[in-house]
Amino acid sequence: MLTLAAKPVAEKIRKSVQERSAAFLVRHHRAPKLSVVLVGTDPASVIYTRKKGEAAIACGMEHETITLPVTSTPVEVKNVIDRLNADPRVDGILIQRPLPKGFREEEVLYWVAPEKDVDAFHPVNTGRLALGLPCFQPCTPAGVMELLKHYEVQPAGKLACVIGRSSIVGKPMAAMLLQADATVLHCHSRTPNLRAISSQADIVVVAAGKPGLIDSSYVREGAVVVDVGIHRNAEGKVVGDVVFDDVARKASAMTPVPGGVGPMTIAVLLQNTIWAAEERSR
Ligand code: NAD
């Protein structure tokens with residue numbers, strides 16, 4: 001069984017981003033810049049934003065995290081985003097989620113200008129993805145595609161099953177696999193008899209957010225299994241949606257948790273940011 005480890009893939013992407021950032025600096029006399037907006041002090045969000053900032057700086061980018069009080073109104077936050085949208089020195093903008101209560105996601109999605117939307121959440125970018133046009137890549141599913149590419153798992157002509165239909169993982173994942181010429185079975189919480197469907201697939205991507213949902217009875221012999229789920233179990237161990245040891249007996253290749261999909265997300269974010277900088281300065 002081949003372990004689809006993120007480390008070599010994420011390192012390769014970061015190295016390429018570093019080289020492109022250095023070239024951008026020489027050409028434009030400034031580093032590409034990523035701005036992150038954090039509303040409140042949710043401990044997990046504070047850690048995620050810090051990691052994103054450190055990763056950007058390590059790749060030779062400029063970075064700022066703008067922290068706003070949890071009591072900020074949507075208008076106050078939007079004003080900050082508007083200022084960043086208008087700032088020619090800011091290439092990528094990211095609003096750290098979850099936002100406090102009172103923010104309507106269907107409004108927030110439109111705030112970051114599409115050309116600076118490095119999370120790829122703006123409906124213009126999700127629409128472009130659905131149409132197969134060049135666009136920012138939603139970070140987590142694009143990280144999965146990078147893993148598959150690196151380990152020479154070819155989706156073309158394969159039967160792929162995506163479990164989960166969130167806007168940030170499941171839906172763009174299904175769109176990307178379709179774009180890569182897989183035949184896509186898209187399952188979710190209302191899918192009857194998930195096991196009968198997923199166990200037909202050559203590639204199974206699990207993003208259900210349910211620890212241990214997928215055991216070996218859900219996958220066929222020789223399948224490639226990608227686990228997007230991240231959870232901390234009762235013993236404090238990080239686990240995924242897939243029962244790794246059980247499924248590993250049947251799968252031909254699998255992502256570990258941790259060290260599989262997780263590290264790919266920030267790597268793709270950096271890739272999107274340098275792409276934003278290059279495209280904006282054309
Ligand atoms: P979500 O809760 O928004 O969506 C979960 C999806 O799974 C839903 O569409 C739901 O219909 C489906 N689902 C739930 N139970 C199911 C079941 N029993 N059978 C079939 N489908 C089921 O979650 P999300 O934001 O898409 O995240 C999914 C998981 O991925 C979470 O564990 C999350 O922490 C993790 N995640 C990891 C990364 C990363 O960087 N590795 C990034 C984003 C999310």
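In which sense do strand 2 and strand 4 pair, and over how many bridges? The two strands pair in the parallel sense, over four bridges. Two strands count as paired if DSSP finds at least two bridges between them, and helices (H or I, at least four residues) and strands (E, at least two) are DSSP runs numbered from the N terminus. The structure is a predicted model, in which local features need pLDDT of at least 70 and side-chain atom pairs count only at pLDDT 80 or more, while totals for chains, interfaces and linings use all residues. Residues are numbered from 1 along each chain as its sequence is written, and side-chain values use heavy atoms, with hydrogens and water left out.

Strand 2 and strand 4 belong to an open sheet of three strands, whose order is 3-2-4 and whose pairing is parallel. Strand 3 and strand 4 (92-95) form the edges, each pairing on one side only. From one strand to the next, the twist averages 15°. Within the pairing of strand 2 with strand 4, S35 has I93 in strand 4 as its bridge partner.

On the other side of the pairing, strand 2 (residues 33-39) runs parallel to strand 3 (residues 62-68), and seven bridges join them. The chain passes from strand 2 through helix 2 to strand 3 in a right-handed β-α-β crossover; the term applies if, with the strands pointing away from the viewer, the path from the first strand over the helix to the second runs clockwise.

Helix 2 also leads to a second part of the picture. Two packed helices are described by the angle between their axes and the distance between the axes. Helix 2 (residues 43-58) and helix 10 (residues 262-280) pack at about 55°, with their axes 10 Å apart. This angle makes helix 2 oblique to helix 10, since angles under 35 degrees count as roughly parallel, over 145 as roughly antiparallel, 65 to 115 as roughly perpendicular and the rest as oblique. Axes are lines fitted to C-alpha atoms, for helices over the stretch in contact, and angles run from 0 to 180 degrees between N-to-C directions. K51, K52, A55 and A56 in helix 2 meet I266, L269 and L270 in helix 10, where contact means heavy atoms within 4.5 Å.

Certain loops deserve attention as well. The peptide bond from R97 to P98 is cis, with omega near 5°, and P98 is placed in the loop between strand 4 and helix 4 (105-108). Another cis peptide bond joins V257 and P258, with omega about 0°; P258 lies in the loop between strand 11 (253-254) and helix 10.
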